[in-house]
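Visitor: I would like a quick tour of this chain, in questions and answers. Please show me the sequence and the coordinates first.

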Amino acid sequence: RCVAASEADCRASQRCDLGGRCSWRADTCVAASEADCAAICERFGYCSVVAARCALVSDADCARSGACRELGRCTKRGASCIPASDDDCGRSSGCTAEGRCHAGERGFCIPSEAGCRASAACRRDGLCAAVESWSDGDAFLRCLPESDADCQASEGCRSDGACHRNQSNEACVAASDADCRRATACAQSGRCVARNDACVVGGKP
């Protein structure tokens, strides 16, 4: 049979990349330290070493993962990390950036009204309201502009003229030359004319 003959064999293998089994012991690749488990710890919370394998053993393992920081998956349930509470979601970058601050029933952080309003997406793009949408017969929430007022209060309105909701009410866009002429994009880049929902180079007033 083929065996691992060296530490280098182990470190070059998929078992190291995908499972943290990067150390060589008696012709076998094993997880010998938390350093071996670093990549799978970051992805999935498998941060502890148990019986020569990377393992998820506690909430603390989940809390060390990128999935906790980014997606709120900070609590251990079985062999997975999930968002078990709004606190889990509220600490995530998905909450601060996109308003996904509520722990949903399907194991994901989902938008909340307060989360959307407090998010960077609201300040930047006017995506300030938690609105129900549908896809393939399933309902889900997204942060969207509730009105033109959300768009007009956004950085995108001031900088790029994106001051009105589009026809599907899903985004803020430049709806008129007047929107563009008030934006810094006109003064700084000559993008003063509205075409296809964006400000483009045109006649400066």
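The questions below go from the whole chain to single residues.

Visitor: How many helices and strands are there in the chain?
Guide: Keep in mind that this is a predicted model. Both kinds of element occur in the chain. The count is 13 helices and 14 strands.

Visitor: What radius of gyration does the chain have, and what would a compact globule of 205 residues have?
Guide: The C-alpha atoms fill a box of roughly 75 × 35 × 30 Å along the principal axes. For a compact globule of 205 residues, the radius of gyration would be near 17 Å. The chain itself has 24 Å.

Visitor: Which percentage of the contacts between residues at least 6 apart in sequence join residues at least 24 apart?
Guide: A contact here means heavy atoms within 4.5 Å. Of the contacts between residues at least 6 apart in sequence, the part that joins residues at least 24 apart is 22%.

Visitor: What share of the residues is buried, and what share of the exposed area do carbon and sulfur atoms supply?
Guide: Buried residues make up 39% of the 205 residues. The chain exposes about 11200 Å². Carbon and sulfur atoms supply 51% of that area.

Visitor: How far apart are the mean positions of the positive and negative charges?
Guide: The chain has 26 positive and 29 negative charges. Take the mean position of each set. The two means are 4 Å apart.

Visitor: Is alanine 26 buried or exposed?
Guide: Alanine 26 sits in the loop between strand S1 (23-25) and strand S2 (28-30). Its phi is positive, about 50°, although it is not a glycine. The relative accessible area is 71%, and the limit for exposed is over 50%, so alanine 26 is exposed.

Visitor: Which class of accessibility does asparagine 169 fall into?
Guide: Asparagine 169 lies in the loop between strand S11 (164-165) and strand S12 (172-173). It has a positive phi near 60° and is a residue other than glycine. Its relative accessibility is 33%, so asparagine 169 counts as partly exposed.

Visitor: Where does leucine 18 lie, and which residues does it contact beyond four places in sequence?
Guide: Leucine 18 lies in helix H2 (residues 14-19). At 55% relative accessibility, it counts as exposed. Its C-alpha is 40 Å from that of proline 145, which is 127 residues away in sequence. Leaving aside neighbours within four places, leucine 18 is in contact with Ile40 and Arg43.

Visitor: How far apart are the C-alpha atoms of glutamate 113 and alanine 130?
Guide: Glutamate 113 belongs to helix H8 (residues 113-118). Beyond four places in sequence, it is in contact with Cys128, Ala129 and Ala130. Glutamate 113 and alanine 130 are 17 residues apart along the chain. Their C-alpha atoms are separated by 4.9 Å.

Visitor: Which side chain makes a polar contact with the side chain of arginine 100?
Guide: Arginine 100 is in the loop between helix H7 (93-98) and strand S7 (102-103). Beyond four places in sequence it touches several residues, including Leu71, Cys89 and Cys109. The loop residue is partly exposed, at 22% relative accessibility. Its side-chain polar contact, at 2.6 Å, is with glutamate 98.

Visitor: Which residues does arginine 123 touch, not counting those up to four places away in sequence?
Guide: Arginine 123 lies in helix H9 (residues 120-125). At 45% relative accessibility, it counts as partly exposed. Aspartate 150 is 27 residues away in sequence and 8.8 Å away in space, C-alpha to C-alpha. The residues that arginine 123 touches are Ala118, Ser154 and Glu155.

Visitor: Is serine 154 buried or exposed, and which residue's backbone oxygen lies 2.6 Å from a polar atom of its side chain?
Guide: Serine 154 lies in the loop between helix H10 (148-152) and helix H11 (155-160). Beyond four places in sequence, it touches Cys122, Arg123, Arg124, Asp125, Gly126 and Ala162. Its relative accessible area is 1%, so serine 154 is buried. The backbone oxygen at 2.6 Å from its side chain belongs to cysteine 151.

Conventions
Residues are numbered from 1 along each chain as its sequence is written. This is a predicted model: local features need pLDDT of at least 70, side-chain atom pairs count only at pLDDT 80 or more; totals for chains, interfaces and linings use all residues. Side-chain values use heavy atoms; hydrogens and water are left out. Helices (H or I, at least four residues) and strands (E, at least two) are DSSP runs, numbered from the N terminus. The radius of gyration is taken over C-alpha atoms; the globule rule is 2.2 Å times the number of residues to the power 0.38. Buried means under 20% relative accessible area, exposed over 50%, partly exposed in between (1.4 Å probe, protein chains only). Accessible areas come from the Shrake-Rupley method with a 1.4 Å probe; for residues, only the protein chains shown count as cover. Lys and Arg count as positive and Asp and Glu as negative; His and the chain ends are not counted. The place of a charge is taken as NZ of Lys, CZ of Arg, CG of Asp or CD of Glu. A polar contact is a pair of N or O atoms within 3.5 Å; within protein, one must be able to donate a hydrogen and the other to accept it, and residues adjacent in sequence count only if both atoms are side-chain atoms.
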